[in-house]
Amino acid sequence: MVSCGVKERHPDKQIFYYNESAGISSLDPAFANNLENIWWVSQLYNGLVQMDTALHIQPSIAKSWEISEDGLRYTFHLRSDVCFHPHELLSPQRVVTARDFVYSFERIMDGSIASPGLWIFDKLDQENPYEATDDSTLVIHLARPFPPFLGMLAMPYCYVVPHEVVTHYGDDFRSHPVGTGPFRFNFWMEDVNLALLKHDDYFERDDSGEPLPYLDAVSVSFVPDKSTQFLDFLKGKYDMMSGVYKEYRNELLTDEGELAEAYRDRIYIQRQPFLKTDYLGILMEDAPIGLQDKRVRQAMDLALDKAQMVRYIKSNTAIPATFGFVPPACFLEPVDDSLAQTHDLESAKKLLIEAGYPDGEGLEEITLSTTSDYVELCEYIQHQLGRIGLKVEVDVLPTSMHRTAVSAGEIPFFRKSWIADYSDPENFLALFYSENAAPKGANYTRFNDAGFDSLFVSSLKEIDPVIRDSLYREMNLKIRSEVPVIPLFYDMVMRFVRKDVTGLRSNAMNHLDLRYVRKKK
């Protein structure tokens, strides 16, 4: 058994220690709907495919696949050496077959467990969604072409589970997980500690042929207080700390976002772009007086000094959102720097004059709705918009109330963020497709534009990735022009790691990959 004290009792073992301050609610991949659940579910299970550090789709349990020319049929060829973790309900070395994927997908699709991942399978042909033609061949049929689908299969909702164990435990499978991943379940004392052990028969190897993972175990605690977490991290209790929070931001980082000199001898920062956009949303069908005019919305966008915002509010741990709503890391090729929209106060003032509101005269006070975590950011926005004569009141709501009200279309002007579910610009642009209008979908601004919709539908039919990418870029520019949202910044994956830890991998989806981690003794 692995416990909090194992570091002292087993110095010969390589154990990775982490604190998950937000806690986890389930170790069932069917309920991996937040980053905390995803991180630990991903250590226990595998799917057909996986994403590498560059967000490229790579084989996992499927060693190869073919996609039909019409984009409707995906044929996967499975490895024959992947086994579920040992369990008394499974025969020794229980090999994963195509029928296990059929079961796992059916479990989500029938809706009886109310998995939040059900929407993925809406893309399938409902009459003939999938079939196991033999033990090693799985065929998936789509109702219509959907090029991002392969990337969606890398999501935890699509991981494979053993029917024998799921049937036995029912709802309690959440706390009795059995998968195929690099680590197997040891125990979970909810809100106290989670322990995972190395899966000795894991199927993946490194480039030199050495079995993965290198670690012997993983120990996760659940201390909710971030100040306590920070102090314990400095004491060496944890090997990594994720994210930048106000409780320790100024202590750990310089104003430029670099690691403070006092900690450079024992800690390093791992950072990279994150497919997450923080933004201000405007309810288009019920916008406040003046905001119905896109020139006013454009003026608001230009008035915000996003570089300064990132410097002072985020300590340079984010990227100013000057390229539109879709993070540049999402596109196939680098985004042309000449397309960046820079802060321009004079142009903002001219747009207000053109709209008939010089210095904001004639505009009513605008209420910006947010939650307690973003008051500092919204007060900065309040000040910046005040420089062009706009009066803004910041209204702070409880997180759950804010989320519900935004989805219901009850808040005309709000701060929100969007984290990609899969690494395709479609996942961001779908927020502006009229048929996804909230509360049915995530089009919280209820933006409705025939030209945008036409481009969006065309992109879903386009098989050629280069042409599809050009359509995505055109849509992104159209949203920037119409301004149903004002992008603020693209977040970054920020991890503080102890220097005796090497091999920690991630990507722009903020995946946690512990397979290659080693700890110096």
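In the predicted model, the buried residues of helix 15 are Arg 468, Asp 469, Leu 471, Tyr 472, Met 475, Asn 476, Ile 479, Arg 480 and Glu 482. These buried positions are covered by several elements, including helix 8 (294-303), helix 13 (426-429), helix 14 (450-461) and strand 17 (485-498). Helix 15 itself comprises 18 residues, 465-482. At 1.5 Å a residue, a helix of 18 residues should span 26 Å, and the end C-alpha atoms of helix 15 are 26 Å apart, so the expected and computed spans agree.

Both boundaries of helix 15 show local features. At the N-terminal end, Asp 464 acts as a cap, with a side-chain oxygen 2.9 Å from the backbone nitrogen of Val 466. Just after the helix, Val 483 adopts a positive phi of about 55°.

Helix 15 also contributes to a pocket. The second largest pocket has a volume of about 820 Å³, and 31 residues line it. Nearest the centre of this pocket lie Leu 55, Leu 332, Ser 423, Asp 424 and Arg 468; of these, Arg 468 is also among the buried residues of helix 15. Helix 4 (149-152), strand 12 (267-282) and helix 15 each provide at least two lining residues. The largest share, four residues, is supplied by helix 15. Classified by residue type, the lining of the second largest pocket consists of 22 nonpolar, six polar and three charged residues.

Leu 55, one of the residues nearest the centre of that pocket, has an unusual backbone setting. Most residues other than glycine have a negative phi. Leu 55 is not a glycine, yet its phi is positive, at about 70°. The residue is located in the loop between strand 2 (49-51) and strand 3 (57-59). Its relative accessibility is 14%, below the 20% limit, and Leu 55 therefore counts as buried.

A positive phi also occurs at Asn 510, where the value is near 60°. Asn 510 belongs to the loop between strand 18 (501-502) and strand 19 (518-519). With a relative accessible area of 5%, which is under the 20% cut-off, Asn 510 is buried.

Cis peptide bonds were identified as well. Most peptide bonds are trans. A cis bond, however, joins Leu 212 and Pro 213, with omega of about -5°. Pro 213 is situated in the loop between strand 9 (193-198) and strand 10 (217-221). Ala 438 and Pro 439 are likewise joined by a cis peptide bond, for which omega is about 5°. Pro 439 falls in the loop between helix 13 and helix 14, and these two helices are among the elements that cover the buried residues of helix 15.

Enclosed space was examined separately from the pocket. A search of the whole structure yields one cavity of 30 Å³ or more. The largest cavity holds about 30 Å³ of space. Its lining is formed by Asp 28, Pro 29, Ala 30, Ser 104, Arg 107, Ile 108, Tyr 157, Tyr 159 and Val 161. By class, the lining of the largest cavity divides into six nonpolar residues, one polar residue and two charged residues.

Key
Residues are numbered from 1 along each chain as its sequence is written. This is a predicted model: local features need pLDDT of at least 70, side-chain atom pairs count only at pLDDT 80 or more; totals for chains, interfaces and linings use all residues. Side-chain values use heavy atoms; hydrogens and water are left out. The expected span of a helix is 1.5 Å times one less than its number of residues. Buried means under 20% relative accessible area, exposed over 50%, partly exposed in between (1.4 Å probe, protein chains only). Contact means heavy atoms within 4.5 Å. A polar contact is a pair of N or O atoms within 3.5 Å; within protein, one must be able to donate a hydrogen and the other to accept it, and residues adjacent in sequence count only if both atoms are side-chain atoms. On a 1 Å grid over the protein atoms alone, a cavity is a set of points where a 1.4 Å probe fits but cannot get out, and a pocket is an open set with protein on both sides within 12 Å along at least five of seven lines; lining residues have an atom within 4 Å of a point. Grid points are joined across faces, edges and corners, and a volume is the space filled by probe spheres set on the points. Ala, Val, Leu, Ile, Met, Phe, Trp, Tyr, Cys and Pro count as nonpolar, Asp, Glu, Lys and Arg as charged, and the others, Gly among them, as polar.
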